[in-house]
Amino acid sequence: MPGCFYSDPINQRPSVTILGEPTEAVHRADHLTLAAAAEDPDGHYVRFQWRAYACAGAIIAEGCDQYPFADGLLETFDFDVPIRLRDDVTPVTLLRVVLQAKDELGATARPEEELLLPVVNRAPTLVLDRSSRYSFIKDSPINVYAKVGDVDDGPAALMPLVWEVFGPATGNTSNALADLTILQDAEDPAHLQYGKVFTANVEGEWTIRVTAMDPLDGIVTVDTMITVSPGTPPCLAQVQPIVPPVGALLPLTDPTLFQVPVVVDDLDVYPPQVGDAFLGTTDFKWYVMAPGQSSHVEVAGATGNSYAIDPASYTPGDLLEVRVEIFDRDPDLLTNCVATDATCAVNTSTPSCIQRQTWRVEVR
Amino acid sequence: MIARLSLLIVLLIAGCAGNIEGGDDDGCRVSLGFTPSMPYSGPAGEITVTAGVQNTTGVLAYTWDVTYVGGSVPFTNAAANNSAIRFTALDPGTYTVTLDVDAPSKTCNQETQRINVLDPTGMLVDVRLHVTAPFDLDVPPIDRMIRVNGGADYDLGAVVLEPGIPATGMVRTSGGTGVPAYMRISPLGMAGAITETFSNASGIYDVTLLNQPHDVLVIPSSPTLAPQKFSWISSTTSFTVSAGTAITGTVRHGVTPVSGAKVQLTIGGVPTTLGTTAGDGSFTVRGIATAGAMVKVEVTAPAASGLPRLESTAQFSVTGPIDILYSSTLQTRNIGGTEVRRGGALLGNKKVVLVGALSSIGNVTAGVTGNASGFARVTTTTNGSGVLPSLLAPAGPLSAVVTVLDSDLAVTAFNTSAAVPALIDAPIMKPFATKGIGQSPALDGIRLDLVPVDALALAGAPTLQLMSDSAGQFASSIADGGTYDAVFSDPQGRQGQRIVTDRTATSFASSYDLPPAVSVSGTLSVTGNPNKLRGAAVTILCATCSGLGRERPIAETASDQAGDFVLAVPDPGTM
C-alpha cells in the first residue's frame with residue numbers, strides 16, 4: 001500500500017539587490033535615491049529594511065556610526081548624505097547602506113545587501129561681481145564683491161578668502177585692494193559676502209582673483225577681469241551767454257556774466273555734487289584777448305565757473321574774445337589745438353565734448 | 001431704418017469694448033489730497049490726508065506711512081474705512097505721506113504726497129528759480145518766482161518745463177534782404193527766461209520758444225541798421241529791421257567840439273547804433289524813437305582827450321538834435337612824469353589804470369536837460385624807468401590801480417583835483433585771513449568769491465575765488481587799498497550764502513557766520529516726455545537785484561539722473 005508522505009513546502013529565502021547606485025561621485029549633503037529589487041522563489045511578498053550609516057573610513061566600513069542616520073521600509077530609499085558623523089566633528093567620507101529583506105513567512109535574504117559609497121568633499125561656491133560709480137577709471141574706487149557658500153561645511157567654516165591682483169606691467173598690484181565692509185543678506189544665510197575696494201593706478205586690463213577654501217581643502221578660484229580706462233575729459237555741457245556762430249559777434253550792452261553752469265565729467269563735475277567725497281570740482285581758467293592784444297591772456301585769480309565783463313571797461317566798438325577752458329584732476333593739455341581755435345576737444349573722437357569755448361564779443 | 005439702428009448699436013458696443021479694454025484706464029488709481037492746503041507747524045498743525053481710489057470695487061485695505069526727516073510720524077485714522085488719516089506736524093519742513101492700497105483683483109499704484117509744512121513765524125523771501133535744460137534737448141528755459149519760507153525746507157514737487165514750439169523765420173529788411181543779427185527773446189511775464197539766438201547770413205533764425213507772446217530784441221550785425229524791439233507770437237515769421245531814425249547831436253567840452261567820441265543811446269532799453277563824433281563834434285546814430293521812453297546817453301571820449309565817460313538818463317527827445325556838453329569846469333591834466341614805485345623801487349613797464357567816478361561832469365539837453373555823471377578809466381603803462389608817459393586824465397579824486405604782476409594788484413589814491421601827484425606808491429599785496437563758520441563744527445571746502453568794487457571794478461579786475469581749508473579758514477593776499485564784496489557759499493549746501501560788502505584787507509572780521517540753509521527741492525520734467533530732466537542747470541537767483549547781482553547764483557546745482565535737484569538757500573529766518 002503505497003503510503004502518503006506529506007510535508008509542508010519549504011519556504012525559500014528571497015534575494016534582494018540594491019538598484020540606483022550613483023554613477024558619479026557622491027558629495028556630502030547630496031540627496032540620494034536608491035531602490036530595492038527583490039525576488040522570492042515562492043512568490044511571497046517581500047518587506048525591506050534600509051539602513052544608512054555615516055562612516056569616516058576610506059573604502060571599507062570602518063569607523064561608521066553605531067546607529068544609522070537614515071532608515072526606511074519602502075522599496076525606495078531617499079536620504080541626504082550627512083555632513084559629519086554623529087560626533088558632529090568628523091567629516092563623512094563613506095556611506096554604508098544596508099538593505100535587508102524578509103518574505104511574509106519571515107525568511108531573510110542572505111546575505112544582506114550592502115552598498116559602500118565613497119563620499120567626497122564639495123568645494124565652496126564663489127561668485128564675483130564688481131561695480132563702480134565712476135565708470136571704472138583709473139585712480140577711482142571700484143568695489144569688488146565675493147559671495148561664497150559651502151553646501152557641506154557652511155559659509156562660516158571657510159578659510160579667509162585669498163585676494164590677488166594682476167595688472168599691467170606698471171600697475172601697483174600690492175596696494176590696489178582695501179577692505180570694504182558690506183552688509184550680509186539676511187535672507188540668504190547660506191552665503192557670506194565680502195568686499196574690497198580696488199583702485200587701479202594705471203589704465204589697462206586688470207584681473208582680481210579670489211580663492212575660497214573649505215576646511216577639507218576644497219578650493220575654488222574665480223577671476224574677474226576689469227578694464228580700467230584713463231577717464232574721459234570734462235565736457236562743457238552748458239555755457240552762457242550764447243556763443244556767436246563763426247563770423248558773428250555777441251553784442252555786449254550790459255555787464256555780463258560769462259558762465260559755465262554745467263560741466264559733465266566722470267569725476268570732476270560742476271556744479272559740485274554733494275554727498276560724494278570722491279567727486280571733485282572742475283577747474284576753470286579764463287582768458288581775455290583785449291583790443292590790441294595778439295593772444296589770449298589768462299585772467300589771474302579768475303578760477304570760478306564765471307567771469308564778469310562790464311562793457312564800460314572798454315570803449316564802445318571794441319572787439320574782444322573771452323575764453324574759458326576746463327580741466328579735471330587729470331588735466332589734459334589742449335595741445336592738439338592752436339590758440340586761435342575757438343573751441344578745442346582733447347579727444348578728437350568725441351568732438352562734441354569740448355574743453356574750450358570762446359566768445360567773440362563786440363562792446364556796445 | 002433698422003439697418004441704421006443696428007449699425008449704431010454696433011458702434012456703441014464697439015465703443016464700450018474699447019473702453020473696457022482700455023489698458024491703463026482700467027487700473028486701480030490712488031491719489032492723495034490734504035488739508036489745509038498750506039499747513040503750518042505747531043501743536044495745532046493738524047493735517048488731514050485723504051485717499052481717493054478709482055477703478056476698483058470691494059473692501060479696500062489702506063496702509064499708511066508718514067515720515068519726517070527720515071523718522072516716522074504718528075497718525076490716527078480720520079475715516080471709518082481708514083481712507084483718511086490725521087497727523088500733527090510739530091516742526092516745519094517736508095512731510096512724506098505714502099499710501100499702499102490693496103484692492104480685490106486689482107493692483108494699485110503706491111502713492112506718495114510730499115507736504116510742505118511752513119513755520120508760522122517764518123520770514124518770506126522771493127527768489128527766482130531758473131532752469132536751463134541741456135542744450136541738446138532744445139527746451140526753453142524757465143525763470144519763475146518762488147517763495148522761500150523761513151525755517152522750513154520746501155519741496156516744489158514736479159517742476160515742469162514746456163517743450164516749446166519751433167520758431168523759425170527771417171530777420172530782413174523791408175526789401176526782403178536777410179539780415180544776420182543777434183536776437184534776445186524773453187517771454188512776457190517771465191523776463192528772466194531769456195533765449196538767445198543768431199540769425200544767419202540769410203537772416204534765417206530757428207529756435208524753440210514757449211507758445212506764448214515774447215519780446216524780441218534784434219541787434220543787426222550791420223552798423224547801418226538799428227536795433228529794434230519786436231513782439232513775437234507763434235504766427236510770427238519775420239522781423240523787418242530798418243535803418244531807423246537818424247538821431248543827431250553834438251558833443252562839446254565847453255565850447256570845444258569833441259571829435260572821435262563814441263556815442264550810443266539806449267531808448268527804452270533798446271540800443272541805437274554806435275556813432276562817432278566828427279571834427280565838429282557832431283554825430284549820428286540810428287535808432288527807433290519811442291515817445292516818452294527813458295533815454296540813456298553814453299559818450300566815451302577818445303583816450304587822448306582825457307575826458308571821462310559821460311552818462312545821462314532822462315526822457316530826452318530824440319527827434320531833434322541832442323546837445324551833449326562836458327562842463328567847461330571839467331579839467332584834464334597831463335599825468336606824464338609821475339613815478340610809479342613800490343617800496344621805493346621804480347616799477348617799469350607796468351600797467352596802470354586811473355579810475356574814478358565823477359559826478360556833475362556836464363549835461364545833456366534834448367527837450368529836457370539832464371545832469372551827466374561819469375567815470376574815468378585811463379589805461380597806460382609805465383616806461384622802462386617806471387614813469388608814466390604823457391597822457392591826459394580828468395581832474396578829480398581818482399585812484400590808480402597798478403598791475404605789478406598778473407595776480408599782484410595795488411590800489412592807491414591819485415587825486416588830480418588840484419594837481420598831478422608826483423608819485424604813485426603801489427603798496428604790496430596785503431594778507432588777510434577770515435573764516436566761515438556754521439552750525440557744523442568745521443565748514444571744510446567752502447568758497448569765498450571776492451567781487452571787486454569801486455576802483456578795482458572800474459579797472460576791470462576779476463572776481464577772485466578762494467576755497468577754504470578743512471576748518472573753513474581762508475588766507476590769502478589781496479590788493480591793498482582795494483575793496484571787495486565777499487560772497488561766502490557752501491557748495492555742500494550745509495549753510496546758506498552770505499554776502500559781506502565793501503571789505504578791504506584790513507576790514508575782514510576773523511570769522512563770519514554763514515546763515516542756516518533751507519533746502520528747495522523738486523523734480524524736473526518736460527511736458528509730454530516721460531523721462532525726467534537730468535543734467536539741467538538749476539539756479540536760485542536774486543529777484544530784486546539788478547545788474548550782475550541778478551545773474552550771480554545764490555545757489556546752483558544740476559538735476560540728477562532722476563531729474564531731482566536740491567538747492568540750499570539762505571534761511572530767511574523767523575520772526
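Trainee: In which strand of chain B does Asp502(B) lie?

Mentor: Strands come from DSSP: a strand is a run of E of at least two residues, a helix a run of H or I of at least four, and both are numbered from the N terminus. Asp502(B) lies in strand 43 of chain B. The model is a predicted one, in which local features need pLDDT of at least 70 and side-chain atom pairs count only at pLDDT 80 or more, while totals for chains, interfaces and linings use all residues. Residues are numbered from 1 along each chain as its sequence is written, and chains are lettered from A and ligands numbered from 1 in the order in which they are written.

Trainee: What sign does phi have at Asp502(B)?

Mentor: Most residues other than glycine have a negative phi, and most peptide bonds are trans. Asp502(B) is not a glycine, yet its phi is positive, about 55°. Asp139(A), also not a glycine, has a positive phi of about 65°. Asp139(A) sits in the loop between strand 9 (125–131) and strand 10 (141–149) of chain A.

Trainee: Are these two aspartates buried or exposed?

Mentor: The test counts other C-beta atoms within 10 Å of a residue's own, with C-beta atoms placed from the backbone: 20 or more is buried, 12 or fewer is exposed, and anything in between is partly exposed. Asp502(B) counts as exposed because it has 11 such neighbours. Asp139(A) has 17, so it is partly exposed.

Trainee: Which peptide bonds are cis?

Mentor: Two can be named. The bond from Arg110(A) to Pro111(A) is cis, with omega near -10°, and Pro111(A) is in the loop between strand 7 (94–103) and strand 8 (113–120) of chain A. In chain B, the bond from Thr35(B) to Pro36(B) is cis with omega near -5°. Pro36(B) belongs to the loop between strand 1 (29–35) and strand 2 (46–54) of chain B.

Trainee: Back to strand 43 of chain B. Which strand order does its sheet have?

Mentor: Strands pair if DSSP finds at least two bridges between them. Four strands of chain B form an open sheet in the order 40-39-42-43, with antiparallel pairing. Strand 40 and strand 43 (498–503) are the edges, each pairing on one side only. Neighbouring strands of this sheet are turned by 20° against each other on average, direction ignored; the axes are lines fitted to C-alpha atoms. Strand 43 and strand 42 (residues 483–489) of chain B pair over four bridges in the antiparallel sense. Tyr484(B) stands opposite Arg503(B) in strand 43 of chain B.

Trainee: How many residues lie between strand 35 and strand 36 of chain B in their hairpin?

Mentor: Two residues lie between them. Strand 35 (residues 397–405) and strand 36 (residues 408–415) of chain B run antiparallel and are joined by eight bridges. Ser399(B) stands opposite Ala413(B) in strand 36 of chain B.

Trainee: How many helices and strands do the chains have?

Mentor: Chain A has zero helices and 25 strands. Its radius of gyration is 40 Å, well over the 21 Å of the globule rule for 364 residues, so chain A is more spread out than a compact globule. The radius is taken over C-alpha atoms, and the rule is 2.2 Å times the number of residues to the power 0.38. The C-alpha atoms of chain A fill a box of roughly 155 × 40 × 30 Å along the principal axes. Chain B has two helices and 49 strands. Its radius of gyration is 32 Å, where a compact globule of 575 residues would have one near 25 Å. Of the residues, 33% count as buried in chain A and 41% in chain B.

Trainee: Into which domains is chain A divided?

Mentor: Domain bounds come from an automatic or database domain assignment. Chain A has domain 1 (15–120), domain 2 (125–228) and domain 3 (235–363). The centres of domain 1 and domain 3 of chain A, taken over C-alpha atoms, are 82 Å apart.

Trainee: How many residues of each chain are in contact across the two chains?

Mentor: A contact means that two C-beta atoms, placed from the backbone, lie within 7 Å. By that test 37 residues of chain B are in contact with 33 residues of chain A. Among the elements giving two or more residues to the chain B side are strand 15 (195–199) and strand 40 (464–467) of chain B.

Terms used:
Axes are lines fitted to C-alpha atoms, for helices over the stretch in contact, and angles run from 0 to 180 degrees between N-to-C directions.
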